[in-house]
Amino acid sequence: MRLPSSRRRFLTCTGALLWAGSMPDKLLAATAGQDYQVIAQTPLPGPSVEVLEFFSYACPHCAHLAPLLEPWSRKLPAGVIYRRVPVTFGHAQWSVLARAYYALEALHEADRLQEKVFTALHEQQINLFSEDELFDWVQKQGVDRNKFIALYRSFAIQSKVQQGDQQAMGYGVDGVPTLIVDGMYTTSPAQAGSNAALFPVLNELITRELALKKRR
């Protein structure tokens, strides 16, 4: 979901290439400026490659991508760190969902419930923008209601939301879903051409950065 209406585009789930656990013999020659954008000339420090997913539970495009992205992220090779970053773009309702994500993450429930939150919002039409309904829904998923509420309302979680928005702004993220590979490259289903086309691009960029860091 992108903020300027002229750039909004509906993406359908047509399947995806999951990481096979080994590096491809021949890279797919993703094209800078077409399949991805170069946003920095040097990778993040350290031996690992970081992949950030900027998303919002409110975004239907993120909901369509999640069933493909989640299994892909679980098969990433050693040396790759995958992290989700919920963003708000200044929307109060999106802030509710961003705080919900970080509270679930703190309770080690984010991975288990990631796709279920999308399903509740976009398929079951449960109003998780309402804190009361959010708290009820979380409790029904087997999460301790009081612990969740305490975290959701905490200063630490609010700070994480603000930090996520600042990080998105720093990378020039103006819509979701957007993925950043090692602080150097940005791509999205819209840029790659479809949900399915996104994964070969991500795999190539990750492979490239792993090889470079290994040589260093």
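1. Helices (DSSP runs of H or I, at least four residues) and strands (runs of E, at least two) are numbered from the N terminus. By this assignment the chain has 8 helices and 5 strands. Their order from the N terminus is β-β-α-β-α-α-α-α-α-β-β-α-α.

2. The model is predicted, with local features requiring pLDDT of at least 70 and side-chain atom pairs pLDDT 80 or more, while totals for chains, interfaces and linings use all residues. Numbering starts from 1 along each chain as its sequence is written, and side-chain values use heavy atoms, without hydrogens and water.

3. In the chain of 216 residues, 49% are buried (under 20% relative accessible area; exposed is over 50%, partly exposed in between; 1.4 Å probe, protein chains only). Taking contacts (heavy atoms within 4.5 Å) with a separation of 6 or more, 78% join residues that are 24 or more positions apart.

4. Helix α4, which spans residues 131-140, has Leu134, Phe135, Trp137 and Val138 as its buried residues. Viewed down the axis of α4, these residues occupy an arc of 165° (directions from the axis to the C-beta atoms), so they line one face of the helix. Asp132 and Lys140, by contrast, are exposed on the other side of α4.

5. Which helices do the buried residues of α4 pack against? The partners are α2 (92-106), α3 (110-122) and α5 (145-152). After α4 comes Gly142, which has a positive phi, near 90°.

6. The largest pocket has a volume of about 220 Å³. On a 1 Å grid over the protein atoms alone, a pocket is an open set of points with protein on both sides within 12 Å along at least five of seven lines; a cavity is a set where a 1.4 Å probe fits but cannot get out; lining residues have an atom within 4 Å of a point. Volume is the space filled by probe spheres set on the points, which are joined across faces, edges and corners.

7. The lining of the largest pocket consists of Glu70, Ser73, Arg74, Tyr82, Arg83, Arg84, Tyr101, Glu105, His108, Glu109, Ala110 and Asp111. At least two lining residues come from each of α1 (60-73), β3 (80-86), α2 and α3. Strand β3 contributes the most to this lining, namely 3 residues. By class, the lining comprises 3 nonpolar, 2 polar and 7 charged residues (nonpolar: Ala, Val, Leu, Ile, Met, Phe, Trp, Tyr, Cys, Pro; charged: Asp, Glu, Lys, Arg; polar: the others, including Gly).

8. The count of cavities of 30 Å³ or more is 2. The second largest cavity holds about 30 Å³ of space. Around this cavity lie Tyr57, Ala100, Leu104, Val117, Leu128, Leu134, Trp137 and Val138 as lining residues.

9. What is the make-up by class of the lining of the second largest cavity? It has 8 nonpolar, no polar and no charged residues. Helices α2 and α4 each supply at least two of the lining residues, and α4 has the largest share, with 3 residues. Among the residues of α4 in this lining are Leu134, Trp137 and Val138, which also belong to the buried residues of that helix.

10. Ala156 is located in helix α6, residues 155-170. With a relative accessible area of 48%, Ala156 is partly exposed. Although Ala156 and Ala103 are 53 residues apart along the chain, their C-alpha atoms are separated by 9.7 Å.
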